[in-house]
Amino acid sequence: MKKLRSALKTKFRNSIKIVGLGKYLPEKVLTNFDLEKMVDTSDEWITTRTGIKERRIAEGESASDLGTKASLIALKRAGLKPQDIELIIVATVTPDYQFPSTACCIQKNLGAKKAVSLDIGGACAGYVYALSLAWALVGGGFYKNALLVGSEVLSTITDWSDRSTCILFGDGAGASVVVPAKSEAGMLSSYLGGDGNFGDFLILPAGGSRLPASKDTVKNRLHYIKMQGNEVFKIAVRVMVECAQKALKKCGLRSEDADLLIPHQANLRIIRAVAKRLNLEDKVFVNIHKYGNMSSASSAVGLCEAYEEGRIKKGDIVVLDAFGGGLVWGACVIKWI
Ligand code: ACO
């Protein structure tokens, strides 16, 4: 019994490392100037209030299509074949279907026959949640590896007649492959949280069992994102700062130890406020100007792009920090191997 306990303890102490990253952004670019022709807005307003200049829009592609393309790149870089993958976790608020899961669609597209496949919620914090779950399952010895995907086609749930939301969102996908790490490095800590009392601040009201699709729900545009932007803004800044601090504290680090902060890309003003409070203004990754808010795909694409741009080197401490509909929030600290 003693032996079993110590074996379990050792197994659960295992870390995971990311061995392959991929991203896919649809080709079509929708600029702020394009939006000026669709709603009463201006490039100047959008740039000043959000930092966004353009976003990508999927045409005839679903979340699994985007996610499959990002996954193929991540798998190639990891040196693994789809048949090697044992677990696929997809974070998305724009699944292909209610069921089958988008993870099952990606499993089929890849031919990853061995993989246990599941979708998770978590909205914009979805990738941070997926990474944390993978840590438990792969680090815990249940699976040898995992493919994590954040994929969104938010353009399908965006009300293109609502200027307060349609300027914010874009489509894209990011993927990563994780395996157990034998050293003390890799994933160092995860801090997750949330408060369902704030659920109404950011919601897609209809289409679920609470409010099934009907003529009325369509007429009242209830199949689109509804958001109380100001309320979300205030909470986002506070919880993202707390999340990063708590995740760093859990592994005995402080914000000055971080080499790169990759925050969820919802609004440049949120990103700057969070970075300032963490004293990481010079170490913050930003790509919101190119893609807008891609929900779960923002962190996944951000991590991939930061790595591709050479912003992450061996030994660096990387902090992923996100919040989203739920409301949910979370941060992960990774020591890059
Ligand atoms: N163009 C021009 N004017 C606009 C636009 C627009 N696109 N949108 C709103 N306005 C107007 C408003 O009507 C208002 O006018 P008024 O003063 O005459 O009433 C004025 O601009 C100011 O509006 P606010 O809502 O106060 O603007 P704010 O500075 O708060 O910016 C924004 C709005 C960008 C939405 C901001 O609140 C924000 O980014 N909030 C956080 C959003 C967020 O992080 N969401 C996460 C979603 S993630 C997910 O889970 C899918």
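**Close-up views of a predicted model**

**View 1. Strand 1 and strand 7 run antiparallel and are joined by nine bridges.** The model shown in this and the following views is predicted. Strand 7 comprises residues 171–181. Within this pairing, Lys17 is placed opposite Val179 of strand 7.

**View 2. An open sheet is built from five strands with mixed pairing.** The strand order across the sheet is 1-7-6-4-5. Its edges are formed by strand 1 (15–24) and strand 5 (116–120), each of which pairs on one side only. On average, neighbouring strands of the sheet are turned by 20° against each other, with direction ignored.

**View 3. Helix 6 and helix 12 pack on the sheet.** Helix 6, spanning residues 126–139, touches strand 1, strand 4 (87–91), strand 5, strand 6 (146–153) and strand 7. The direction of helix 6 makes about 140° with that of strand 1. Helix 12, spanning residues 296–308, touches strand 1, strand 4, strand 6 and strand 7. For helix 12, the angle with the direction of strand 1 is about 95°.

**View 4. Domain 1 and domain 2 are in contact through 51 residues of the former and 48 residues of the latter.** According to the domain assignment of the protein, domain 1 covers 2–183 and domain 2 covers 187–335. A distance of 13 Å separates the C-alpha centres of domain 1 and domain 2. The area buried between the two domains is about 3,800 Å², and carbon and sulfur atoms give 65% of this area. Lys23, Cys124 and Val128 together supply 16% of the area that domain 1 buries against domain 2, more than any other three residues.

**View 5. Ser255 occupies the loop between helix 9 and strand 11.** The loop is flanked by helix 9 at residues 229–250 and by strand 11 at residues 260–263. Ser255 is classed as buried because its relative accessible area is 15%, under the 20% cut-off for this class. Leaving aside residues up to four places away in sequence, Ser255 touches Leu248, Leu278 and Leu280. With Leu278 there is also a polar approach: a polar atom of the Ser255 side chain lies 2.9 Å from the backbone oxygen of Leu278.

Definitions and conventions
Residues numbered from 1 in each chain as written. Predicted model: local features only at pLDDT ≥ 70, side-chain atom pairs only at ≥ 80, totals over all residues. Heavy atoms only, no water. Pairing = 2+ DSSP bridges. Helix = DSSP H or I, 4+ residues; strand = E, 2+ residues; numbered from the N terminus. Axes fitted to C-alpha atoms, helices over the stretch in contact; angles between N-to-C directions. Contact = heavy atoms within 4.5 Å. Buried < 20%, exposed > 50% of the residue type's maximum accessible area, 1.4 Å probe, protein only. Polar contact = N/O pair within 3.5 Å; in protein donor to acceptor, adjacent residues only side chain to side chain. Domains from an automatic or database assignment. Buried area = accessible area lost by both parts, 1.4 Å probe.
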